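Reader: I should like to learn how features of a protein model are read from its atoms. May we work through a case together?

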Amino acid sequence: MSGGSNPTDHDSDVRTVRLSDEGRRFAERSAVLTGFAPYDLLATGMADLYLATAREQVGAAVLDAVLAVVDRDPDSLSGTDLEVARALTYLWYTGAWPRLAPEAHGLLRREAAVEFIVSPEAYTEGLVWRTFTGHPAGARAPGFATWALKPSPLSWPESPVPVAAPGPLLMWSDFPSALPPSVFSSVDDSPGGSLATGSGQDPQNSHTEETPT
Amino acid sequence: MTTRTAHGTVANRRRYDVIVVGAGIAGSLIAKQFGRQGWQVLILEAGAGGRETWEGHLDAVATFRSAVAKVPNSAFRYNAAAVSPDVLDLAPDGLGFTANGYFVQNGGLPYGTDYLRAVGGSGMHWLGICLRIHPDDFAVKTRYGYGRDWPIGYHDLEPYYTAAEREIGVAGDAQEQRELGIPSDPHYVYPMHKIPPSYLDEVCRRLDGRVVHDPVAVEDFALQVVSVPQGRNSTPNPRYARGLGYLPEGAVGLPNYGERCVGNASCVPLYRSVPRRPSGRRCVPRRSSLTPSRSPRAAWSPG
Ligand SMILES: Cc1cc2nc3c(=O)[nH]c(=O)nc-3n(C[C@H](O)[C@H](O)[C@H](O)COP(=O)(O)OP(=O)(O)OC[C@H]3O[C@@H](n4cnc5c(N)ncnc54)[C@H](O)[C@@H]3O)c2cc1C
């Protein structure tokens with residue numbers, strides 16, 4: 001089917017699968033924020049949606065300004081810009097737009113929003129799962145009994161940096177009735193050593209298993 | 001036995017031998033029992049259904065994925081007509097918590113998880129742990145001078161445990177349970193082989209034999225790491241029911257290999273009590289076998 005100058009149904013189908021230029025540009029600029037290559041970011045299929053989400057949340061002008069700094073000198077980000085850059089990173093990692101710090105909402109003249117998942121697909125496309133060779137609950141379950149296998153080693157060149165700000169995730173331990181604290185305590189003060197390294201069955205196992213907590 | 005879902009006006013036009021209120025595990029099994037006897041049974045359920053269709057299943061999956069915090073009720077849409085208590089109703093406030101939901105919770109220890117008012121009840125999002133109570137626990141007064149004895153003993157319940165394990169298609173290791181002092185017929189096996197322990201389970205196995213001090217009992221105990229029988233899909237045990245085997249309701253794929261989703265807690269195999277038929281006739285609200293419905297974090301804590 002040759003489209004010529006008259007757009008046909010076929011043509012418009014082709015147009016929808018083509019990556020948008022600004023989505024591509026957004027993914028390129030997000031590489032430094034996420035540590036993932038633009039190729040990986042585009043492969044999530046989320047670039048356009050994330051760009052639209054960020055624009056809606058902070059406004060096109062602020063977003064462009066932040067991305068320009070990210071492009072030029074990401075280390076110089078500060079204040080609200082840094083908060084927006086963090087939000088973008090969070091978005092790529094979790095598929096959720098976070099609640100920003102209250103000051104950022106004030107400066108952006110926006111009402112404090114609540115965190116939300118931008119689409120059901122965004123949750124499954126979160127980069128976070130790849131950082132620990134995990135999979136999102138409710139999607140892409142690995143095969144039966146694969147949970148018995150030793151996870152493949154993490155491919156991170158460096159240990160993940162602990163995040164200072166308390167995340168918005170609800171921890172089970174927030175709820176006093178759930179489990180008595182004793183369930184969690186007195187596990188790794190044993191002569192057998194910490195649970196995070198090694199198992200009795202596999203002596204080769206005691207190499208680095210980074211567990212970001 | 002046929003099952004139909006209907007709204008009030010339609011249901012109202014007929015007469016029934018029995019009316020069961022609530023389509024949770026308990027109500028469903030009671031209705032199944034009556035239905036098997038040829039009775040006309042009406043089950044009244046306050047909450048919504050719909051997940052037994054493909055569209056309903058997809059909607060539940062999307063609802064789960066869209067939830068910011070994945071908790072047991074995340075796959076179920078809010079239903080103003082039958083509100084479900086939700087762990088997210090609780091907000092820790094430094095000293096304790098505030099509760100702002102269906103349950104009024106003013107006590108010191110809030111109920112810290114969900115209940116589900118929907119077809120299937122809380123069995124739609126439970127963890128699937130299917131423990132028989134230890135015989136000692138029926139007689140704590142006699143054995144330990146504490147609390148009260150039950151008016152019945154383990155052996156009164158044993159046949160019912162066996163029946164429940166068939167209905168739920170429990171995966172477990174009966175020998176391991178017997179060694180723990182939970183008796184069953186020496187030939188008894190669970191309907192399914194036990195769920196293979198995870199890598200982390202094996203890591204935790206190093207706690208086996210560790211002596212810990214129990215400050216309440218003021219005694220030392222040696223820990224024993226064992227698996228727990230689970231109402232989750234595993235591999236059917238061909239030795240079940242003295243060699244008859246076990247066939248889950250709605251099973252697809254190769255016998256003894258497939259016939260399962262992948263062992264998630266959201267995937268309870270239901271016993272097919274009639275000979276295999278092509279049409280998926282059923283008499284209990286069947287859960288959609290792939291619906292993700294709970295997060296591992298919000299674990300149910302027994303006791
Ligand atoms: C998060 C969670 C995890 C759990 N994990 C486990 C586990 O691992 N192992 C275990 O053994 N147990 C577990 N439990 C407990 C177990 O799930 C429940 O005890 C069990 O599902 C209860 O079944 P039921 O049929 O008695 O009641 P329910 O499941 O509560 O069913 C009652 C039904 O009746 C309906 N109903 C109520 N009132 C009316 C009315 N007036 N009119 C019409 N309909 C009505 C409700 O909507 C509901 O659907 C767990 C529970 C929760 C909440």
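Reader: Is B:Cys130 buried or exposed?

Author: The model is predicted, and its values are computed. A residue under 20% relative accessible area is termed buried. B:Cys130 has a relative accessibility of 11%, and therefore counts as buried.

Reader: How does B:Cys204 count, with a relative accessible area of 27%?

Author: The class between buried and exposed runs from 20% to 50%. B:Cys204, at 27%, is therefore partly exposed.

Reader: How many disulfides does a search of the whole structure find?

Author: A disulfide is a covalent bond that links the sulfur atoms of two cysteines. Over all chains, the search finds 0 disulfides.

Reader: Which residues make the nonpolar surface patch of about 300 Å²?

Author: B:Ile19, B:Val21 and B:Leu44 make this patch. B:Leu44 belongs to strand E2 of chain B, which covers residues 41-44. With a relative accessibility of 41%, B:Leu44 counts as partly exposed, because that value falls between the limits of 20% and 50%.

Reader: In what order do the elements of chain A run from the N terminus on?

Author: Chain A holds 9 helices and 2 strands. Their order is α-α-α-α-α-α-β-α-β-α-α.

Reader: What share of the residues in chain A is buried, and what area does the chain expose?

Author: Of the 213 residues in chain A, 32% are buried. The chain exposes about 12900 Å², of which carbon and sulfur atoms supply 57%.

Reader: What share of contacts in chain A joins residues at least 24 apart?

Author: Taking contacts between residues at least 6 apart in sequence, 53% join residues at least 24 apart.

Terms used
Residues numbered from 1 in each chain as written. Chains lettered and ligands numbered in written order. Predicted model: local features only at pLDDT ≥ 70, side-chain atom pairs only at ≥ 80, totals over all residues. Heavy atoms only, no water. Helix = DSSP H or I, 4+ residues; strand = E, 2+ residues; numbered from the N terminus. Buried < 20%, exposed > 50% of the residue type's maximum accessible area, 1.4 Å probe, protein only. Contact = heavy atoms within 4.5 Å. Areas by Shrake-Rupley, 256 points an atom, 1.4 Å probe, with all protein chains shown as cover. Patch = residues over 30% accessible without salt bridge, like charges linked within 9 Å, V, L, I, M, F, W, Y side chains within 5 Å. Salt bridge = Lys/Arg side-chain N within 4 Å of Asp/Glu carboxyl O. Disulfide = S-S within 2.5 Å.
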